[in-house]
Amino acid sequence: MFLIDTGSPVSLLTKLYKCNTVPRPGYSFTGRNSGLVKLYGGKIEPLTIDNETFQHEFFVADAQSNVLGNDFLIKYGGVVDYKNDTLNIVQLTINLCSSAT
């Protein structure tokens, strides 16, 4: 499961996918709750959504959830339709679970 975060410049995988055991010095950023998020490096992973596979470089981080950021949305032309709670990407329309109720 992924959180779609249009405010995140990069896409993240949780540290379960850790490619290194030590955070990369100088590689961190401030997360959504103002906490420092450590990055462990990049990892190219396939992401399959409704039989469509997307190859993308994710940053592995001390994040609480996997994140699809603006880098992914821009690369694949993803558009979040807030009114209909969907993500439109390529020829797909994906229903989203909104945390705003």
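In this predicted model, Asp-85 counts as partly exposed, at 29% relative accessibility. The residue sits in the loop between β7 and β8, and its phi is near 55°, a positive value in a residue other than glycine. That is worth a second look, since most residues other than glycine have a negative phi. The loop in question is the turn of a hairpin: β7 and β8 are its two arms, with 4 residues between them.

From this turn the local sheet can be followed outwards. Strands β7 and β8 run antiparallel and are joined by 3 bridges, with β8 covering residues 86–89. One of the facing pairs puts Asp-81 opposite Thr-86 of β8. On to the next pairing: β8 and β9 are again antiparallel, here over 4 bridges, and Ile-89 faces Leu-92 of β9. These two strands make a hairpin as well, with 2 residues between them, and Val-90 takes a positive phi near 55° there.

Put together, the 3 strands form an open antiparallel sheet in the order β7-β8-β9. Its edges are β7 (79–81) and β9 (92–95), each of which pairs on one side only. From one strand to the next, the twist averages 25°. In general terms, strands of a sheet pair through backbone hydrogen bonds, either parallel or antiparallel.

A further positive phi turns up earlier in the chain, at Asn-51, where the value is near 70° and the residue is again not a glycine. Asn-51 belongs to the loop between β4 and β5. At 78% relative accessibility this asparagine counts as exposed, whereas Asp-85 is partly exposed at 29%.

Now for the chain as a whole. Its secondary structure amounts to 1 helix and 9 strands, laid out along the sequence as β-β-β-β-β-β-α-β-β-β. Of the 101 residues, 32% count as buried. The accessible surface comes to about 6600 Å², and carbon and sulfur atoms account for 51% of that. Among contacts between residues at least 6 apart in sequence, 46% join residues at least 24 apart.

What about the interior? The largest nonpolar core has 13 residues, and within it Phe-72 and Ile-89 touch the most other members. Two or more residues come from each of β4 (36–49), β5 (52–61), α1 (70–76), β8 and β9. Apart from this core lies another, of 7 residues, including Leu-12, Leu-39, Ala-63 and Val-67. As a rule, nonpolar side chains in soluble globular proteins tend to be buried together.

Phe-72 deserves a few words of its own. Leaving aside neighbours within four places in sequence, Phe-72 is in contact with Ser-11, Leu-47, Phe-54, His-56 and Ile-89. Ile-89 is thus a link back to the sheet, as the residue that stands opposite Leu-92 in β9, while Ser-11 leads to a loop elsewhere in the chain, the one between β1 and β2.

Ser-11 is buried, with a relative accessible area of 0%. A polar atom of its side chain lies 2.9 Å from the backbone nitrogen of Gly-69. Not counting residues up to four places away in sequence, Ser-11 touches His-56, Phe-58, Phe-59, Val-67, Leu-68, Gly-69, Asp-71 and Phe-72. One of these, Val-67, is a member of the 7-residue core, and another, Phe-72, is one of the two residues with the most partners in the 13-residue core.

The loop between β1 (2–4) and β2 (12–14) also holds Ser-8. This serine is buried too, with a relative accessible area of 6%. Its side chain has a polar atom 2.6 Å from the backbone oxygen of Val-10. With residues up to four places away set aside, Ser-8 touches Val-67, Gly-69 and Asn-70. Val-67 and Gly-69 also appear among the contacts of Ser-11.

Note on methods:
Residues numbered from 1 in each chain as written. Predicted model: local features only at pLDDT ≥ 70, side-chain atom pairs only at ≥ 80, totals over all residues. Heavy atoms only, no water. Pairing = 2+ DSSP bridges. Axes fitted to C-alpha atoms, helices over the stretch in contact; angles between N-to-C directions. Buried < 20%, exposed > 50% of the residue type's maximum accessible area, 1.4 Å probe, protein only. Polar contact = N/O pair within 3.5 Å; in protein donor to acceptor, adjacent residues only side chain to side chain. Contact = heavy atoms within 4.5 Å. Core = buried A, V, L, I, M, F, W, Y, C linked by side-chain atoms within 4.5 Å. Areas by Shrake-Rupley, 256 points an atom, 1.4 Å probe, with all protein chains shown as cover.
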